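Please open the model in your viewer and keep the sequence panel beside it. The tour below proceeds from one selection to the next.

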Amino acid sequence: GINAEYGGVYYRRYTFDNRDTDGSGWDQVSTSPRMKWLASGTNVLFGVSTSRALYYRAGMNTGRPKGTSWVRVSGVYLDKVEVLHNLVIGTDSSYNVKYSVIHY
């Protein structure tokens, strides 16, 4: 989740790996970069910053569900992003659709 006031990112405990659970409590993931949009998939998290830059969360796994750091996707600016299976799909400020296959 995102704290709308300051763009901080939070993880819902016990929900990693698409577990069939509501989870329990929230853990802070980061406060920088400030995010306005998140999209999660299997073992992957993408975020769009308040400056529209696209990031993905590195180092995510079962033992470290919050990952280790945000990695900037160079040259990509979006307003929204979604993850569907192995595709990342987003829209820019002109409502153009951008997409890419995830290789992991």
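Strands (E, at least two residues) and helices (H or I, at least four) are DSSP runs, numbered from the N terminus. The model is predicted, so local features need pLDDT of at least 70 and side-chain atom pairs count only at pLDDT 80 or more, while totals for chains, interfaces and linings use all residues. Residues are numbered from 1 along each chain as its sequence is written, and side-chain values use heavy atoms, with hydrogens and water left out.

**The whole chain**

Begin with the entire protein chain in cartoon view. Its secondary structure comprises zero helices and ten strands, in the pattern β-β-β-β-β-β-β-β-β-β along the sequence. The radius of gyration is 13 Å, close to the 13 Å given by the globule rule for 104 residues, so the chain is as compact as a globular protein of that length. Here the radius is taken over C-alpha atoms, and the rule is 2.2 Å times the number of residues to the power 0.38. Along its principal axes, the C-alpha trace spans about 40 × 30 × 20 Å.

Next, display the surface. Its accessible area is about 6,500 Å², of which 48% belongs to carbon and sulfur atoms; such areas come from the Shrake-Rupley method with a 1.4 Å probe. Buried residues make up 31% of the 104 residues, where buried means under 20% relative accessible area, exposed over 50%, and partly exposed in between (1.4 Å probe, protein chains only).

**Strands 1, 2 and 3**

Select strand 1 (2-3) and strand 3 (26-30), then add strand 2 (residues 8-12). These three strands form an open antiparallel sheet in the order 1-2-3; two strands pair if DSSP finds at least two bridges between them. Strand 1 and strand 3 stand at the edges, each with a single partner strand, so one side of each is left without a neighbour in the sheet. Two bridges link strand 1 to strand 2, and isoleucine 2 has valine 9 of strand 2 as its bridge partner.

Move on to tyrosine 14, in the loop between strand 2 and strand 3. Tyrosine 14 is not a glycine, yet its phi is positive, at about 70°. Most residues other than glycine have a negative phi, and most peptide bonds are trans. With 49% relative accessibility, tyrosine 14 counts as partly exposed.

**Proline 33 and serine 49**

Where does proline 33 lie? Proline 33 is in the loop between strand 3 and strand 4, and the peptide bond leading to it from serine 32 is cis, with omega near 0°.

Select serine 49, found in strand 5. Is serine 49 buried or exposed? Its relative accessibility of 2% makes serine 49 buried. Leaving aside residues up to four places away in sequence, serine 49 touches Pro33, Arg34, Met35, Lys36 and Tyr55, a contact being heavy atoms within 4.5 Å.

**The hairpin of strands 4 and 5**

Now show strand 4 (residues 35-41) and strand 5 (residues 44-49), which run antiparallel and are joined by six bridges. Leucine 38 has glycine 47 in strand 5 as its bridge partner. Two residues lie between the strands of this hairpin, where asparagine 43 takes a positive phi near 60°. Asparagine 43 counts as partly exposed, at 34% relative accessibility.

**Last stop: glycine 63**

Finish at glycine 63, in the loop between strand 6 (53-58) and strand 7 (69-77). Glycine 63 counts as exposed, with 72% relative accessibility. Its C-alpha lies 9.6 Å from that of phenylalanine 16, although the two residues are 47 apart in sequence.
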